[in-house]
Amino acid sequence: AAFAEARATLELAPWTAGTPYHEHRPDSPMRALSFGPNGQGDIVYLVIEDLRRVDLLVVLWFS
């Protein structure tokens, strides 16, 4: 359920949902989002603005 909520959030607001993947490049389209009740999931994603697309590059779940 937590992953589904994170995906829905990325569909609506990919730029504000996560944080920049590289701190020194805050406008980079590569972003990171932690999810789950205790933040045990991480998604690294790429925002492709001209195609209105978000590609999930890495999904990790720590239990």
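**Exercise 1.** Does Phe 3 count as buried, partly exposed or exposed, and at what relative accessibility?

*Solution.* The model is predicted. Buried means under 20% relative accessible area and exposed means over 50%, with partly exposed in between. Phe 3 has 31% relative accessibility, so Phe 3 counts as partly exposed.

**Exercise 2.** Describe the aromatic pairs of the structure and the elements that they join.

*Solution.* Step 1: the structure holds two aromatic pairs. In one of them, the ring centres of Phe 3 and Phe 35 are 5.9 Å apart and the planes stand at 50 degrees, so this pair is tilted. Because Phe 3 belongs to helix H1 and Phe 35 to strand E2 (residues 30–35), the pair ties together parts 32 residues apart in sequence.

Step 2: Phe 35 is buried, at a relative accessible area of 7%. The rings of Phe 35 and Trp 61 have centres 5.5 Å apart and planes at 40 degrees, so this pair is tilted. Trp 61 lies in strand E4 and Phe 35 in strand E2, so parts 26 residues apart in sequence are tied together. Trp 61 is partly exposed, at 45% relative accessibility.

Step 3: ring pairs thus link Phe 3, Phe 35 and Trp 61 into a cluster.

**Exercise 3.** Characterise the largest pocket by its volume, its lining and the elements that supply the lining.

*Solution.* Step 1: the largest pocket holds about 250 Å³ of space.

Step 2: helix H1 (2–12), helix H2 (14–17), strand E3 (41–48) and strand E4 (53–61) each supply at least two lining residues.

Step 3: the lining includes Arg 7, Trp 15, Ile 48 and Arg 53. By class, seven lining residues are nonpolar, five are charged and none is polar.

Notes:
Residues numbered from 1 in each chain as written. Predicted model: local features only at pLDDT ≥ 70, side-chain atom pairs only at ≥ 80, totals over all residues. Heavy atoms only, no water. 1 Å grid on protein atoms, 1.4 Å probe; cavity = no way out; pocket = protein on both sides within 12 Å on 5 of 7 lines; lining within 4 Å. Points joined across faces, edges and corners; volume = space filled by probe spheres on them. Helix = DSSP H or I, 4+ residues; strand = E, 2+ residues; numbered from the N terminus. Nonpolar A, V, L, I, M, F, W, Y, C, P; charged D, E, K, R; others polar. Phe/Tyr/Trp six-rings, centres within 6.5 Å; stacked < 30°, edge-to-face > 60°. Buried < 20%, exposed > 50% of the residue type's maximum accessible area, 1.4 Å probe, protein only.
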